[in-house]
Structures are given as structure tokens and as C-alpha cells.
Amino acid sequence: MKLYIESALRIKGRLLICGLLVFGLGWAALYLSKAGDYSTWATVWVEKPLYLDTDLASNPYVNPSTIQTNILNELLTTRKFTLSIAQGAGMEMPTTAAEDEAVISIQRHLLVEATGPHLVRITCTGDKTNHCKDIISNTVQLFIAELDAGQARQADVALQLYEQQRTTYEQEMNTSRDAYNQYIADHPTVATGNNVIDPDFAELQQQYLADKGRYDDVITKIDSIRTQSSTATEANSSFFRVIDPASDAKPYVISNKDLVRNALVASVLALFAILAISLVSTWVDTSVHTLNDLNAVLLTGTELSSDMLVGVVPYIKDLADIRQRTDNKNKSKEKGSATNQHAGKGLGIYRHKQKGVTPVADSPAPKPLETNIARPTVPDSSPLDLAASAGTRQQGVS
Amino acid sequence: MQLIKARSSKTENPLHMPALQAVCRPIFAQLQSEMSLGSAFALGITSFSRGDGRTTLALGLAIAAVGQIGTQGRVLVIDADISNPMLHVRCGLPQTPGLSEVMLQHIPITQAMVEAHPGVWVLPGGTRPLNATHHLKKLEELALFEQLGKHFDAVIVDLPPVLTPELGMLPAHLVPRLVVVARAGVTKRDQLQSTVTAFPDGTVSAILLNEYRERAPGWMKRFLH
């Protein structure tokens, strides 16, 4: 962690520039993605029918606006429905490719969202001023028509089934009724209030009642479906009604909310860029820069002395200038030396321990060196015959 | 001994930089305190490659030593990097006579040493020899630097860098104690590690991080250090 922080501090200037660059680019990209667009919108009020049982399968715990928004968004993903909107809006589509383009454009730029329990907002954005208004109005009309068509289709299917059942049940009921009447005609005493129960008569009577009950039930269902089918169209147009119709498309104007949002998104992007660069620079740069780097090196060396001194020599601009001049002989020697900005700053001598470097509390007080008490002169006779002179000196010292 | 005036301007000579002296003084004091009493202060300075600041720090430690010992102190700085001597350039001295001439017995050692600064004696590298390994081996056999330590308060040897394949581990045997210099932002971690582990155990007394730049703000230093 410390290495990453130190690495970031080392390149903080470049990180700052990079962060500002990413922030600016991100903010500009977010703005330019909206700039030049034209948009309009319409709000639709959706209600759940209280007295008409038009949608038995709907979830009573979900807002009607959410239900209708989901249905509309599903429909918008279909090519047929979207193409119908484009055709209704008068978009020119001479070729199949143009149709595909129009479909994709509508699917991309038409946004349907539930903004409340009953409110649906339909927004259309495009790079042209035309068609947006028509697309929205056509979307609402086609959606209502699609709902109607779907309900009618379901009602037709159900009616066909129930009509078939009705015919069957009617025949069975007529048969049992005829048998019942014939039995009464053949045995007039069974219907005169005789207390003796005729089992055949009772069976015929039960059969007739059962057949009649089934027939009445299917007749009730057919009546209900016809009622629902006829009321569904009314319900769709009445309970999915446009409150604010779409106006002419207007160019995008940045708002304070957009400003804040763009700034936040750009800031997050810049932060991620800075973090990524810091991590990468730490991983890539294997140079020794700080005491923690030195400590890491010493800790990985198992053969190293645990009592080794670690010192730092601060950057001195004068010396750096000399080094630069030495490295590059073409440079002028008249640069001179600048002030010692870092002289004495960050100076430290440390002792490396097994768990890290610890500053040596205080530099030891100057003490006289014990090596040259007598200060004998170096003999001038022999260039390398120093052992003899050293021996002479040691005798003198003792 | 002869006294030759340094020819370089004061602004370019590390010996005339108070900032360098201030920086090296506590380092020298700590190194000195690590030594046992009565032993000669002979210290070798090496690094992984050239340009890490060996010569500058050798001069800095020398001037710090003189400043700490006092006006009567004498410190000898020897340029043992005879294949590429730079000490004379830093001090503005002639390259010859130097250590190579002394080894070839052309001149006595006393004639090759120059007092570049009051109390700081410099032995340049001299002419670049054809066989530097032979010369250094001879130095090892003679234990010259340790012998000189008995005549000076301190002997600081500017050793060749480790990245000199033809020399091998020879420089490590020239002096009893070594200081390894690493240049911040230049020396790689694996280079430093290989440098330190290359020497015999206990030979390396200290590692100096040269050109260190403190970039952390004051309130963060406690956390980082």
C-alpha cells in the first residue's frame, strides 16, 4: 500500500494532468453525446379499471403504469410493431435497408419509462426535428390498437371453444330432457306426488339437471367474454389516455442536473484512470525510489545483515547539474549552480531491522577518531613499503 | 607531500558544497560510531553501475569527516576505479600521477597524493592501466588501504562498480567495510539486491540511497515511514 502511495506521489504531476484530461474528455463526451439532439416527449395516464374485469391475469400488486410500460417496451423490440410506427410517422423507407435503419433508430431513441404509479413518459430523441412528434403519437395509437387486437384475438379463440362446448352441451341437455319427458308420459303416476320414489325417474331427473347446469354455465361464460371483449376497447382508450401530447422536437439544452451528473461521471472516470496508472506504474517501475523500496529489497535478501545501516542522501540540485553536464558534454558549462533547495531536508540515517527501517534516534556526538593519534608522516622513501612505516608509527604511539 | 591547488571552480567541486557536507555529516557520524575503537577507518564505496554517485559521496563523506574531526583531521580519498577514474575530474585535479603510477612504482605514494581541500587528501586513479585486475590484486595483497588508514584519520576508497565483470569480487577484498550506493529512480531493486548479496556477509555496512526526493507531505510522512 505504501509503495502504491509513494508511486502516486512520485508521479503526482502527471497523474493530475491525466486526471484532468480524462475528466475533460469524459465531460465533453457526455455533453457531445447529447448536444445536437432534438427531443420531445408525451405523458400518458394509465388507470386500472375498477369496475370492468378486463384483465384477469394482471398482478394486482404491480402498478398499472409498470405493467403497460413493460408491455410497450416488449412490443418495441419487435420489428413489425416498430416498423408500423415508422410507417405511421411518415418516415421515408424506400428500401429494406432503410426500413431496418428506421426500426433500429426508433428502438434506440424511443424511451418508455414509468415515472409514477399511473404515469408513463414516452420520450423520443433524434438528430432531426421531424418525426419525433409523429413517432410518439403513433406509438400510443398503435399500442392501444395492439392491446385491442390482442384482447379481441383472445376473446375470439375463447368464444370458438365455448361455442363448440355450448352446441355439445345443448344436444346433451335436449336428449336428457326428451328422455325425462318421455318417462313422465309413459309413467304419469311418478309426477302426481306419489310418495314412492321411482329410481329411474330420479336418475333421469338428475341427468337432465346436470346437463342443464353445464349448458347454463357455458352460456354465462360466452356472455362474459362478449361483454369483456366489447368493453376492452373502451377500457384501453379510456384508461390509457395521453395527458401531455408530444410537441415539436426541441434541441437539447444542458441543465444543472446534467451538469452535476456529467461532472460526477467524469470524476469517477478520472479517479479510475488515476488509480489504474498508479497501479501500473508501481508494477512496471522496479527502481529503488524510497526507504520503503530499500526495505523491501533488504527484507527479500535472506543473507543480508539485519543490522545494516540505511541512509538517504537528498537530491541536491548542484550535484544533479554536475552529473547532467558530465553525462552530456555538449551542454554548456555556464549553467551555474542553483540554490540548495533540498539541502538538509529529508535527511536521515536509518537502521534496517527485520520488520523495516527505523530511524536512528540521534546522530552520535562527534568523537575523536582512535586511528591516528600520533599522526606520523607517510614515509617518502619507498612507494609501497608502508608496513615498515606503520610499524614505526605503532611503536611511537605505544 | 605536495599541495596542488584545485583548478575547478568552487561551484562544481563537491568539496565546496556545504549542502553535501551537511548531508553526509550524520551518515559519517553513524558509520564512525559503528566502528570498534582503535581500528582504522577504511571504507569502500561501490555501487551496481556507473553514475550512481560513488565519487560524489566519497568526497562528501571525506569533507564531512574533516568537518567532524576538526582542523587537524586528515582524510584520504582514493580513486580505485582505475579503469575509469573520475575523482580527479570532480576535484579539478590532473589525472596523473595517481594510483596506477604508484602501483607501477614510478613515483612514491606521497607524491601522488594531493590536498584538494584543507584536510582532504586525494589520490587520483592515474593512467588507465592495461590490466586493472592485476593492479587491484596487488593492492589486495599489500593491504595498502588498511595501511594508509594508520596514517590518516579516515581512508575512503572509491571502488569500481559491481558491474565490472573483469574485476569480479576483487574490489570487495580491498577494504574491510563497504558502503553500497543506489541512485533513486535509476538503480533497480534486483540490481541492488544482487549487489548487496554479492559481497561476503557482514562486509556491507550501509546502503545509501542517493538523490532521494521526499515527495510525501509532512502529515503523510508518519504513515509512510
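**View 1. Burial across chain B.** Of the 225 residues in chain B of this predicted model, 58% are buried (20 or more other C-beta atoms within 10 Å of a residue's own, with C-beta atoms placed from the backbone). Chain B holds 9 helices and 7 strands, taken as DSSP runs (H or I, at least four residues, for helices; E, at least two, for strands) and numbered from the N terminus. Residues are numbered from 1 along each chain as its sequence is written, and chains are lettered from A in the order in which they are written. Local features need pLDDT of at least 70, side-chain atom pairs count only at pLDDT 80 or more, and totals for chains, interfaces and linings use all residues.

**View 2. Helix α1 of chain B.** Here you can follow residues 18-34, whose end C-alpha atoms are 25 Å apart; this agrees with the 24 Å expected for 17 residues at 1.5 Å a residue (1.5 Å times one less than the number of residues). Look for the kink of about 30° at B:C24, shortly before the proline B:P26 (the angle between axes fitted to the seven residues ending there and the seven starting there). Of the 17 residues in α1(B), 13 are buried.

**View 3. The largest nonpolar core.** This core has 90 residues (buried Ala, Val, Leu, Ile, Met, Phe, Trp, Tyr and Cys joined through C-beta atoms within 7 Å). Its largest share, 10 residues, comes from helix α2 of chain B, residues 54-69. Among the residues with the most contacts inside the core are B:A62 and B:V157.

**View 4. Another core.** Apart from the largest core lies one of 28 residues, including A:A89, A:V103, A:I106 and A:A246.

Conventions: A residue is buried if 20 or more other C-beta atoms lie within 10 Å of its own, exposed if 12 or fewer, and partly exposed in between; C-beta atoms are placed from the backbone.
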